[in-house]
Amino acid sequence: MLVLTEFPPAVGGMQTHARHLAAHLSRRADAVEVLTYRITDPQLAAQAHAFDSQCGYPVHRVLSRLGYWHNMALLLDRVRRFRPDAIYASTVFYGLLRTRTDLPLVCRSVGNDVLRPWLGYPYRAFSRLVGSRAVQHGLRWWLEHAHHPDWVDRLFRRAREQLMRDAAASQCRILANSDFTAQLLQGIGVARSRIDVAAGGVDCVRFEQAAGARQLARHKLGLREDDVVLLTVCRLVAKKGVEILLKALALLRPEFPALKLVVVGDGRKRKAYMARALSLGLADVVRFAGRVPHEDIPPFFWASDLFVLASYESLHAGGAARDVETMGRVLCEANAAGLPLVATASGGTPSVVRSGENGLLVAPGDPRALADAMARVLRDPQLAAQLRAAGLERARSEFDWSAVLPRHEMAIARAIADKSAQAA
């Protein structure tokens, strides 16, 4: 049984991981079923139904984004009906299922479940009411697009954190997406022996650049052959550091007059970043492409000369909640596309980028350091080729789904074997 809190057709790193993992395990197990959040928006629900119908395994969209303990009741009922041999959850939040079912359980942590435990309403009282379809429908936009004010995090933070810690302590094994996330888990008391690190998750074949792909992609995107194209792909939120990238771009422009920046992604800070680009005189240099379906992303990589991610740690809820890049799947995708990259050494990015090998790392929040690193790659074709080749090799051997998914399968098999050994 897979408890996947985020699932396609919504777009994001967790959704991509969930889709590939469920498909992989459905080919390996006798039976698999997915439980995920319900969708109340009629248009999104229709898209979800179309996606689910072609999965080849049952998808139950029954969980609430609000009522944690109501979700636990729903999951326990599903365990009794489905009778799985093991449970996998995409966050540490549902680790309590192990003590309530006595089943082997493996959870994945991407770090944000520890840093910002979004458990909705964390109390038992009224959980069924709060988790009802009617309440979720009333708060539909707010919940399904995460546009909630900081005071909500502050109000429930202590109870959510305690619940998250209890859940993390209950699990058999946890798969962390980076060394940074592993350290966060250790910081809340999880023994290192129960943590495996598995960074990555990319379809290298889909991102592989065929002959002529660069020219075709540039033509479709309206870019000239002599443009020097930088690319960033991210949600337009504070931690992505897009304003730092814009400042670095302004520093680079005198040396590289043909410079262009393509920003793929959307978010609450889009208007602020567009205004910032205008104030820096970059209106004709920066293109905000908006949200792009994940299957349409590869041509943006192929059309570009350099990928850049300028993330840094940001704070929310009056400084109580941290938001940081815990891995950076887009860095794996840049490597898979054969694109040299520059990123900031923030959070979990060093688990993906070995500076000087498959990319360059700089200190976060420093536009000059970012500009210097970008200029270094753009000036030196030999360095760019070296980063490109090493990135491709690392993507194929470490970040591809063919390497990542067997590690998840092994963790589940190990949890089942440990449980059998204890019973014997």
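Lys and Arg count here as positive, Asp and Glu as negative; His and the chain ends are left out.

**Figure 1. Charges and overall build of the chain in a predicted model.** The chain carries 56 positive and 41 negative charges, and their mean positions lie 5 Å apart. Its secondary structure comes to 19 helices and 15 strands. The radius of gyration is 22 Å, close to the 22 Å from the globule rule for 424 residues, so the chain is as compact as a globular protein of that length. Along the principal axes, the C-alpha trace spans about 65 × 45 × 40 Å.

**Figure 2. Burial, surface and contacts of the chain.** Of the 424 residues, 55% count as buried. The accessible surface is about 18200 Å². Carbon and sulfur atoms hold 53% of that surface. Among contacts with a separation of 6 or more, 74% join residues 24 or more positions apart.

**Figure 3. Glu 325 and its surroundings.** Glu 325 sits in the loop between strand 13 (321-323) and helix 16 (329-336). Its relative accessibility is 7%, under the 20% cut-off, so Glu 325 counts as buried. The side chain of Glu 325 makes a polar contact with the side chain of Lys 240, at 2.9 Å. Lys 239 is also in contact with Glu 325. So are Leu 309 and Ser 311. Ser 346, Gly 347, Gly 348 and Thr 349 complete the list of contacts, once neighbours within four places in sequence are set aside.

**Figure 4. The cis peptide bond between Pro 8 and Pro 9.** Most peptide bonds are trans. The bond joining Pro 8 and Pro 9 is cis, with omega at about 15 degrees. Pro 9 belongs to the loop between strand 1 (2-3) and helix 1 (13-28).

**Figure 5. Arg 83, a residue with positive phi.** Most residues other than glycine have a negative phi. Arg 83 is not a glycine, yet its phi is positive, near 55 degrees. The residue lies in the loop between helix 3 (68-82) and strand 4 (87-89). Arg 83 counts as exposed because its relative accessibility is 70%, over the 50% cut-off.

**Figure 6. Phe 126, in a loop between two helices.** Helix 5 (112-115) and helix 6 (127-130) flank the loop that holds Phe 126. Phe 126 has a positive phi of about 65 degrees, although it is not a glycine. At 61% relative accessibility, Phe 126 is over the 50% cut-off and therefore counts as exposed.

Conventions: Residues are numbered from 1 along each chain as its sequence is written. This is a predicted model: local features need pLDDT of at least 70, side-chain atom pairs count only at pLDDT 80 or more; totals for chains, interfaces and linings use all residues. Side-chain values use heavy atoms; hydrogens and water are left out. Helices (H or I, at least four residues) and strands (E, at least two) are DSSP runs, numbered from the N terminus. Buried means under 20% relative accessible area, exposed over 50%, partly exposed in between (1.4 Å probe, protein chains only). A polar contact is a pair of N or O atoms within 3.5 Å; within protein, one must be able to donate a hydrogen and the other to accept it, and residues adjacent in sequence count only if both atoms are side-chain atoms. Contact means heavy atoms within 4.5 Å. The radius of gyration is taken over C-alpha atoms; the globule rule is 2.2 Å times the number of residues to the power 0.38. Accessible areas come from the Shrake-Rupley method with a 1.4 Å probe; for residues, only the protein chains shown count as cover. The place of a charge is taken as NZ of Lys, CZ of Arg, CG of Asp or CD of Glu.
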